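I opened this entry to log what I looked up in one model. My notes follow in the order I made them.

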Amino acid sequence: MSFHDLSKESKQIARETLAEMLKLERAQAFNLSDGASVELAKFVKDAFIELETEISCAGQSFQLPRMA
């Protein structure tokens, strides 16, 4: 499964999650390298793919929470 296979809702929340993580990381270090940004993006992508795969395998209907 890839990012493009995620539901529209998962893709949007993954983007929002990554944006928040990048903001937090930048606020803490203020020196966020391209490599660190890519690693955070991969982490978020993999986490959402794992979550949606587990939900699909379990046959459950699950609503992802919206970020405030």
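**Charged pairs, core and one odd lysine**

I started with lysine 23, which counts as exposed at 53% relative accessibility. The model is predicted, and I read every value with that in mind.

I then looked for the partner of lysine 23. Its side chain meets that of glutamate 20 in a salt bridge, at 3.3 Å from N to O. Both residues sit in helix α1. They are three residues apart, about one turn of the helix. Is glutamate 20 buried or exposed? I found neither: glutamate 20 is partly exposed, with a relative accessible area of 32%.

How many salt bridges are there by this rule? I got a count of two. Aspartate 46 and lysine 45 form a salt bridge as well, and their closest N and O atoms are 3.4 Å apart. I checked cover for each partner. Aspartate 46 is partly exposed at 43% relative accessibility. Lysine 45 is partly exposed too, at 32%.

Next I turned to lysine 11. I placed this residue in helix α1. Lysine 11 is buried, yet I found no salt bridge for it. Which side chain of opposite charge is nearest to lysine 11? I noted aspartate 5, at 7.4 Å. A salt bridge needs N and O within 4 Å, so I did not log that pair. I also listed what lysine 11 touches, leaving out residues up to four places away in sequence. The list reads Phe3, His4 and Leu6.

Two names on that list came back when I looked up the core. Phe3 and Leu6 belong to the largest nonpolar core and are also touched by lysine 11. I counted nine residues in this core. The others are Ile13, Ala14, Leu18, Leu40, Val44, Phe48 and Ile49. Helices α1 (8-29) and α2 (34-58) are the elements that give two or more residues to this core. The largest share comes from α2, with four residues.

I closed with totals for the chain. I logged two helices and zero strands. The chain has 68 residues, and buried ones make up 22% of them. The accessible surface comes to about 5100 Å². Carbon and sulfur atoms account for 55% of that surface. I also took the contacts between residues at least 6 apart in sequence. Of these, 65% join residues at least 24 apart.

Methods. Residues are numbered from 1 along each chain as its sequence is written. This is a predicted model: local features need pLDDT of at least 70, side-chain atom pairs count only at pLDDT 80 or more; totals for chains, interfaces and linings use all residues. Side-chain values use heavy atoms; hydrogens and water are left out. Buried means under 20% relative accessible area, exposed over 50%, partly exposed in between (1.4 Å probe, protein chains only). Contact means heavy atoms within 4.5 Å. Accessible areas come from the Shrake-Rupley method with a 1.4 Å probe; for residues, only the protein chains shown count as cover. A nonpolar core is a set of buried Ala, Val, Leu, Ile, Met, Phe, Trp, Tyr and Cys residues joined through side-chain atoms within 4.5 Å. Lys and Arg count as positive and Asp and Glu as negative; His and the chain ends are not counted.
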